[in-house]
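Me: Got a minute to go through this structure with me? I'd like to start with the strands.

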Amino acid sequence: MDMQLSMIKDLLNAEVLCNEDMLCMETFSAFASDLMSDVLALSCKETILITGLTNIQTIRTAEMLDIKCIIFVRNKKPDNNVIQFAKEKGICLLATSYTMFTTCGILYCNGIKGADMC
């Protein structure tokens, strides 16, 4: 089931950090990890990344895999340089107070599949 990023934002009570105009984009799968080496093993398109890692490497990894949305968990937010870089690369950044486990559970219960299912 495809879901718009705007619905994901609402489900997670998330704050949009940049590229709010992308909230109409649809996705159907997610992947959660703080290890970018694990993320690099993905082959699924239209996946969102759920992580607590807020550095520039997260944005670079997403760019290489054409990931268009990153959700930062546990009230983590990247600094302004990282946000600006994501904005330039066309990556929507969301931030939620939920843990990674809870974030994944909420999305799964609402029809988002794991990246291993696509």
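Reply: Sure. This is a predicted model, and in it β4 and strand β8 (residues 113-114) run parallel, joined by 2 bridges.

Me: Which residue in β8 does S29 stand opposite?

Reply: S29 faces K113 there.

Me: And how many bridges join β4 to β5?

Reply: 4 bridges, with strand β4 (residues 29-32) and strand β5 (residues 47-51) running parallel. One pairing to look at is A32, whose bridge partner in β5 is I50.

Me: OK, switching to pockets. What's the volume of the largest one?

Reply: About 160 Å³ for the largest pocket.

Me: Which residues line it?

Reply: From β4 and β5 you get A30, F31, A32 and I50. The rest of the lining is C104, L107, Y108, I112, K113, G114, A115 and D116.

Me: Which elements supply at least two lining residues each?

Reply: That would be β4, α5 (100-109) and β8.

Me: How does the lining split by class?

Reply: 9 residues are nonpolar, 1 is polar and 2 are charged.

Me: Back to the polar side chains. Where does S33 sit?

Reply: S33 is in the loop between β4 and α2.

Me: Buried or exposed?

Reply: Buried, because S33 has a relative accessibility of 7%, and the cut-off for buried is under 20%.

Me: What does the S33 side chain reach?

Reply: The backbone nitrogen of L35, at 2.9 Å.

Me: What about T27, where is that?

Reply: T27 belongs to strand β3 (residues 26-27). T27 counts as buried too, since its relative accessibility is 0%.

Me: And which backbone atom does its side chain reach?

Reply: For T27 the side chain reaches the backbone oxygen of S29, at 3.4 Å. That's the S29 that stands opposite K113 in β8.

Me: Last topic, confidence. What's the average pLDDT for the chain?

Reply: The protein chain averages 92, and 96% of the residues score at least 70.

Me: Which element has the lowest mean?

Reply: Helix α2 (residues 36-39), with a mean pLDDT of 83. At the other end, strand β7 (residues 92-95) has the highest mean among the elements, 98.

Me: Why should I care about low values?

Reply: Because predicted coordinates shouldn't be read in detail where pLDDT is low.

Key
Residues numbered from 1 in each chain as written. Predicted model: local features only at pLDDT ≥ 70, side-chain atom pairs only at ≥ 80, totals over all residues. Heavy atoms only, no water. Pairing = 2+ DSSP bridges. 1 Å grid on protein atoms, 1.4 Å probe; cavity = no way out; pocket = protein on both sides within 12 Å on 5 of 7 lines; lining within 4 Å. Points joined across faces, edges and corners; volume = space filled by probe spheres on them. Nonpolar A, V, L, I, M, F, W, Y, C, P; charged D, E, K, R; others polar. pLDDT = per-residue confidence, 0-100. Buried < 20%, exposed > 50% of the residue type's maximum accessible area, 1.4 Å probe, protein only. Polar contact = N/O pair within 3.5 Å; in protein donor to acceptor, adjacent residues only side chain to side chain.
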